[in-house]
Every structure is written in C-alpha cells, then in structure tokens.
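I opened this entry to look up how the ligand is held and which parts of the chain surround it. My notes follow in the order in which I checked each point.

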Amino acid sequence: MGALWSLLFGRTLSINGESYRVVRRIGEGGFSYVDLVRGRNGEQFALKQLLIQVEEQRESVEREIYMHQTVTHPNVLQLVDSQITEQGNGEARGLLLFPFYQYGTLEDEIEASMSRGRKISEERILNLFLSACQGLHALHTSGNEGLAHRDIKPGNLLLSDNKEELVIMDLGSAASGQVTVNDRKEAIALQEHCAQTCTAMYRAPELFEVPSQSVITLKSDIWSLGCSIYAAAFGTSPCDGSALSAMSGRIMFPKNHSYSLEFCNLITWILKVNPEERPTVQEVEQLIGTILSKQVTPHGNV
Ligand SMILES: Nc1ncnc2c1ncn2[C@@H]1O[C@H](COP(=O)(O)OP(=O)(O)OP(=O)(O)O)[C@@H](O)[C@H]1O
C-alpha cells in the first residue's frame with residue numbers, strides 16, 4: 001500500500017510528527033537537495049535535505065539550523081522546523097523546512113532577463129539590494145561579533161512573494177563575524193574551508209589568500225554584496241572566479257550601458273581589495289537610499 005500511495009500521491013516525509021508530501025525537486029547540490037513539499041493543509045514549503053556521512057557534515061547541519069534560529073528578520077529565510085533523522089547505518093539526514101518562495105532567486109531573474117536581452121532596471125536593483133542590506137545587517141549585528149554569511153550571491157537571494165524584496169538564504173556557510181588567524185596553518189585551513197563553501201566568483205580577495213596573521217571580518221560579505229549588485233546589472237560577477245581577478249581590484253564596466261555613474265560608483269566604492277576600506281552594510285544601505293531618493297522626482301521616477 002505504501003508504494004501505491006507514493007505512486008498516486010507522491011512520497012511523504014515526516015518532520016517532528018508532521019507529514020509533508022513531496023511535490024517536485026527545486027534544487028540540488030553535492031550533499032543536499034531541496035524539494036517543494038505540501039503540508040497537511042496544502043501549504044507549500046521548501047524542504048532541504050542534507051546527507052550526513054561524517055561528523056563534519058553533522059556539525060555543519062547543526063550550525064545551519066543554529067544560524068537560522070539565531071537570526072529572525074523578514075529578509076533572512078526563516079526556518080519553520082528541522083530534524084536530524086538517524087538512518088541506522090551510521091548515516092543521517094538533516095531535514096530543514098522553510099517557507100517556499102515561488103519566484104525563485106535573483107539568479108533566476110538575472111538569467112531570465114539576460115535571455116530576453118533586457119536589463120533589470122537600476123531602480124529595481126537598488127530597491128532589491130536595499131532589502132538585502134537590511135537582512136545582512138540583521139546577520140551582521142547578531143550576537144557579540146556578528147554573523148558573516150560567507151556565501152552571498154544572486155543564487156542565495158530569494159525573491160519575496162511580492163517580488164520587491166530579497167530574502168537571504170543558505171546560512172550553511174555562515175561563521176563568526178570576527179575570525180582571528182594566528183599562523184600559516186590556520187590561514188591555509190580557513191582558505192581551504194572557504195574554497196569549499198564560498199562561491200569563487202563572489203569570494204572576497206582575503207578569503208582566496210588568507211594572511212597568516214589577520215582577522216577575517218564581516219567585510220568579506222560586503223565584497224560578495226558588491227559582486228552581486230554588479231551581476232544583477234551586467235549578468236555576471238565582475239570577477240571570473242580566480243584569485244587573480246579578485247585580488248587585482250580592477251572592476252571593468254561594459255562600454256555601453258544605461259546605469260548611472262552613481263550606480264557604478266557605488267559598486268567600485270564597495271569593491272575595495274583592502275577589507276578595511278570597504279563600507280559597512282549600514283553605509284551601503286544609506287548610500288543606496290540616497291541614490292534612490294535622488295532618482296525620484298515629484299512626477300515619478302527619472
Ligand atoms: N525556500 C525556498 N523557496 C524556493 N526555492 C528554494 C528555497 N530554498 C532553496 N530553494 C531553491 O533550491 C536551490 C538550492 O538551495 P540551497 O542553496 O539551500 O542548497 P545548496 O545545496 O546549499 O545549494 P548551493 O550549493 O548552490 O548553495 C536554490 O538555489 C533555490 O533555487
């Protein structure tokens with residue numbers, strides 16, 4: 001009967017005694033996948049399942065759950081429920097249930113607009129990133145040292161239900177906002193960790209080449225934010241994913257484009273190779289607000 005039921009109505013899963021029916025797969029990674037599921041009353045959720053085969057993976061799932069529980073903000077993906085299920089063979093599965101966002105990610109919108117040969121308007125990009133800054137600010141001010149997301153990119157920014165805001169997702173890479181590196185060994189370990197968890201095209205220069213004595217701060221997210229704003233306008237990050245392109249600090253803009261000088265200056269102001277010279281998320285939010293306020297005339301938008 002179980003098999004027939006699955007064939008007729010789809011597979012069901014239980015989280016803390018609540019049943020969810022799997023509708024379809026919406027995302028897949030190396031050790032995880034995300035399904036659209038429906039609850040008892042038909043409400044839709046995104047269920048992320050993470051495979052746990054080694055202790056490191058268990059710690060990573062526990063950290064992802066903890067990070068979501070620590071930060072509550074409308075622009076940070078909320079965790080509805082979670083459970084770690086033991087499989088009996090030494091393996092386990094982490095089940096993380098989230099609200100489902102039907103419009104997908106900013107990456108999807110960028111791809112759709114590129115394929116139509118249309119640009120996302122400057123006003124829309126600025127408004128979307130104003131909301132992303134608010135979510136990132138909540139992460140950056142959480143606890144004593146703040147939380148760094150460490151993998152900000154268009155693919156980790158969901159479009160809200162009214163499509164007007166961004167919701168930061170995937171806190172699986174999040175870490176303390178102040179990580180002290182004392183020697184070469186620690187620097188290499190952090191560098192290798194970031195090579196696994198932080199997407200190369202959006203990775204800050206200091207995470208490609210971690211200095212032997214340094215403090216890695218929240219500013220690495222600011223770099224990723226700048227690359228994401230650039231990608232929303234021009235279709236891809238200004239960096240090609242190599243250490244060289246991130247560390248060169250040369251931000252090239254396409255020859256003919258319709259974005260304002262202020263908009264381009266915002267990007268170059270953010271993308272400073274030296275993390276200390278980068279603005280805070282609050283400063284980015286303020287400048288975006290200022291640019292937006294100048295674009296509004298009493299007769300509408302310029
Ligand atoms: N709450 C959600 N609502 C809608 N779609 C979602 C949601 N959560 C995840 N997705 C989709 O599933 C994809 C994978 O999600 P997620 O980034 O959490 O998994 P991941 O395995 O860590 O992926 P990656 O390694 O690419 O970051 C997302 O890119 C998005 O398209």
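Before sorting the shell I fixed the classes: Ala, Val, Leu, Ile, Met, Phe, Trp, Tyr, Cys and Pro count as nonpolar, Asp, Glu, Lys and Arg as charged, and the others, Gly among them, as polar. With these classes, and bearing in mind that the model is predicted, I found that the shell around the ligand divides into 10 nonpolar, six polar and three charged residues.

I then looked up the membership of this shell, where 19 residues surround the ligand, and noted the closest as Ser32, Lys48, Pro99, Tyr101 and Asp170.

Next I went through individual atom pairs. For Ser32, I read a distance of 2.4 Å between a polar side-chain atom and an oxygen atom of the ligand, and for Asp170 a polar side-chain atom lies 2.8 Å from an oxygen atom of the ligand. At Tyr101 the partner is a polar backbone atom, which is 3.0 Å from a nitrogen atom of the ligand. I also checked the cover: the ligand taken alone exposes 610 Å², and the protein buries 77% of that.

Finally I turned to location. The ligand sits in the largest pocket, and at least two residues of its shell come from each of β2 (18-28), β3 (32-38), β4 (44-52) and β6 (92-99). I place the ligand between domain 1 (2-99) and domain 2 (106-294), because both give residues to the shell around it.

Notes. Residues numbered from 1 in each chain as written. Predicted model: local features only at pLDDT ≥ 70, side-chain atom pairs only at ≥ 80, totals over all residues. Heavy atoms only, no water. Near = heavy atom within 4 Å. Polar contact = N/O pair within 3.5 Å; in protein donor to acceptor, adjacent residues only side chain to side chain. Areas by Shrake-Rupley, 256 points an atom, 1.4 Å probe, with all protein chains shown as cover. 1 Å grid on protein atoms, 1.4 Å probe; cavity = no way out; pocket = protein on both sides within 12 Å on 5 of 7 lines; lining within 4 Å. Sits in = over half its atoms within 2 Å of the grid points. Helix = DSSP H or I, 4+ residues; strand = E, 2+ residues; numbered from the N terminus. Domains from an automatic or database assignment.
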